[in-house]
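Let's take a walk through a protein model together. Have a look at the picture first, then read on.

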Amino acid sequence: MSDSTLNELWQQVAEKKSCEAKQKELTAQRDTLADHLKKLEKSKLAEQADVDRLEGHSLAAFFYPGDRKNG
């Protein structure tokens, strides 16, 4: 094997290691973003439930003291 062939192989090995490291980093980012997305979806569902609950009440329900959560 010539020196140029060996150098090319070493470059390919280095590039492969670099690509593997980048893949690992991107996989970690994807997992973090997936977790964040789940939290946002859960929050959105809770907010939508609040909106649905509020839209289900008449305007008078906002002024009726017995219907208030905080008294």
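What follows goes from the overall build to the surface and then to the charged pairs.

Keep in mind that this is a predicted model. It has two helices and zero strands. Helix H1 covers 3–55, so you can use these numbers to find your way along the chain. Now, how much of the protein is buried? Just 1% of its 71 residues. The accessible surface adds up to about 6,800 Å², and 58% of that belongs to carbon and sulfur atoms.

Next, look around the start of the chain. Met1 sits in the segment before helix H1, and it is exposed because its relative accessible area, 78%, is over the 50% cut-off. Met1 also helps to make a nonpolar surface patch of about 560 Å², together with Leu6, Leu9, Trp10 and Val13.

Now for the charges: there are three salt bridges to find. One joins Lys16 to Glu20, with the closest N and O atoms 2.6 Å apart. Both residues are in helix H1, four residues apart, which is about one turn of the helix. Glu20 is partly exposed, at 38% relative accessibility.

Another links Arg30 and Asp31, whose closest N and O atoms are 3.4 Å apart. Arg30 counts as exposed at 52%, while Asp31 is partly exposed at 37%.

Finally, Arg53 pairs with Asp50, and here the closest N and O atoms are 3.9 Å apart. These two are about one helical turn apart because they sit three residues from each other in helix H1. Arg53 is partly exposed at 36%, and Asp50 is partly exposed at 34%.

Conventions:
Predicted model: local features only at pLDDT ≥ 70, side-chain atom pairs only at ≥ 80, totals over all residues. Heavy atoms only, no water. Buried < 20%, exposed > 50% of the residue type's maximum accessible area, 1.4 Å probe, protein only. Areas by Shrake-Rupley, 256 points an atom, 1.4 Å probe, with all protein chains shown as cover. Patch = residues over 30% accessible without salt bridge, like charges linked within 9 Å, V, L, I, M, F, W, Y side chains within 5 Å. Salt bridge = Lys/Arg side-chain N within 4 Å of Asp/Glu carboxyl O.
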